[in-house]
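Let's take a walk through this one together. Have the viewer open and keep the sequence handy.

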Amino acid sequence: MGVWILVAVLVGVALYAVTLYNALVKNRQMAGEGWSGIDVQLKRRADLIPNLLEAVKGYMSHERELLEEVTRLRGQAVAGSNASPEQRATLEGALSGALGRLMAVAENYPDLKASENFQQFQKALEETENEISMSRRYYNGAVRNLNVSVETFPSNLVADRFGFVKAEYFEIEDAADRAVPKVSFK
């Protein structure tokens, strides 16, 4: 009778370990899916930029340096498509900042703002930025779930045994997002 209890306990532990392993695999796959979603949206944005630049060149001839900077940063972002999430976030953050400056400067050109091409590209870029934001939230949530599974007991025992590791979050650093707004009551 004692042997059957021992066998039942061992089978229970094995089934529990399999359940933990499957949960780790699921979390890793969800993080991979999330990263794929971010990658698709970042590529979509990179593909929009040359058309946007072409639409603004004629109007913004005095802003050559800014246009060249956006072009250079886009090239770096495309070249860094296989980088780690942290490195990719740095590249994409710089590109986002340059695009923001480009859109701010575009406000000084009424003819450009009225251009249908520019409006279409601006709308497409805004939609893509929203998709990037949603994809980033999904990915970071999946990474959180994977990291919790990798670090908590008893799933960390299975994670260590089968080589599961923590994943990196995708966080675009933007100083403007972190700045404290100035309020003046004059």
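Does Glu69 count as buried, partly exposed or exposed, and at what relative accessibility? Keep in mind as you look that this is a predicted model. Glu69 comes out at 24% relative accessibility, so it counts as partly exposed; the cut-off for buried is under 20%. Its side chain meets that of Arg101 in a salt bridge, with 2.7 Å from N to O. The two partners come from distant parts of the chain, Glu69 in helix H2 and Arg101 in helix H3, 32 residues apart. Arg101 is partly exposed as well, at 40% relative accessibility.

Now turn to the inside. The general expectation is that in soluble globular proteins nonpolar side chains tend to be buried together. Here the largest nonpolar core has 23 residues, and Leu52, Val56, Val70, Leu99 and Leu102 are those with the most contacts inside it. Helices H1, H2 (64-79), H3 (85-106) and H5 (116-151) each give two or more residues to this core, and the largest share, seven residues, comes from H3. Val70 is a handy place to zoom in: leaving aside neighbours within four places in sequence, Val70 touches Ile49, Leu53, Leu95, Ala98, Leu99 and Leu102. There's also a second, separate core of 18 residues, which includes Trp35, Ile132, Val143 and Ala159.

Ala159 takes us to helix H6, residues 155-162, where Ser155, Asn156, Val158 and Ala159 are buried. Look down the axis of H6 and the buried residues fall within an arc of 160°, so they line one face of the helix. What covers them? H1 and H5 are among the elements that do the job. Flip to the face of H6 turned away from the buried side and you'll find the exposed residues Leu157, Asp160 and Arg161. After H6 comes Gly163, with a positive phi near 75°.

Keep going along the chain and you get to Lys166, whose side chain meets that of Glu151 in a salt bridge at 3.1 Å, N to O. Lys166 sits in the loop between H6 and helix H7 (175-178) while Glu151 belongs to helix H5, so this pair ties together parts 15 residues apart in sequence. Lys166 is partly exposed at 47% relative accessibility, and Glu151 is partly exposed too, at 49%.

How many salt bridges does the structure hold? There are 11. Another of them joins Lys123 and Glu127, whose closest N and O atoms are 4.0 Å apart. That pair sits within helix H5, and because the two residues are four apart, about one helical turn separates them. Lys123 counts as exposed, at 53% relative accessibility, whereas Glu127 is partly exposed at 37%. If you'd like something less pairwise, pick out Asp39, Lys43, Arg45, Arg88, Glu92 and Glu129, which are linked in a network of salt bridges.

One last stop, out on the surface. Val3, Trp4, Val7, Val11 and Leu15 make a nonpolar surface patch of about 540 Å². Trp4 belongs to helix H1, which runs over residues 2-57. With 65% relative accessibility, Trp4 counts as exposed, since the cut-off for exposed is over 50%.

Note on methods:
Residues numbered from 1 in each chain as written. Predicted model: local features only at pLDDT ≥ 70, side-chain atom pairs only at ≥ 80, totals over all residues. Heavy atoms only, no water. Patch = residues over 30% accessible without salt bridge, like charges linked within 9 Å, V, L, I, M, F, W, Y side chains within 5 Å. Areas by Shrake-Rupley, 256 points an atom, 1.4 Å probe, with all protein chains shown as cover. Buried < 20%, exposed > 50% of the residue type's maximum accessible area, 1.4 Å probe, protein only. Core = buried A, V, L, I, M, F, W, Y, C linked by side-chain atoms within 4.5 Å. Contact = heavy atoms within 4.5 Å. Arc of directions from axis to C-beta.
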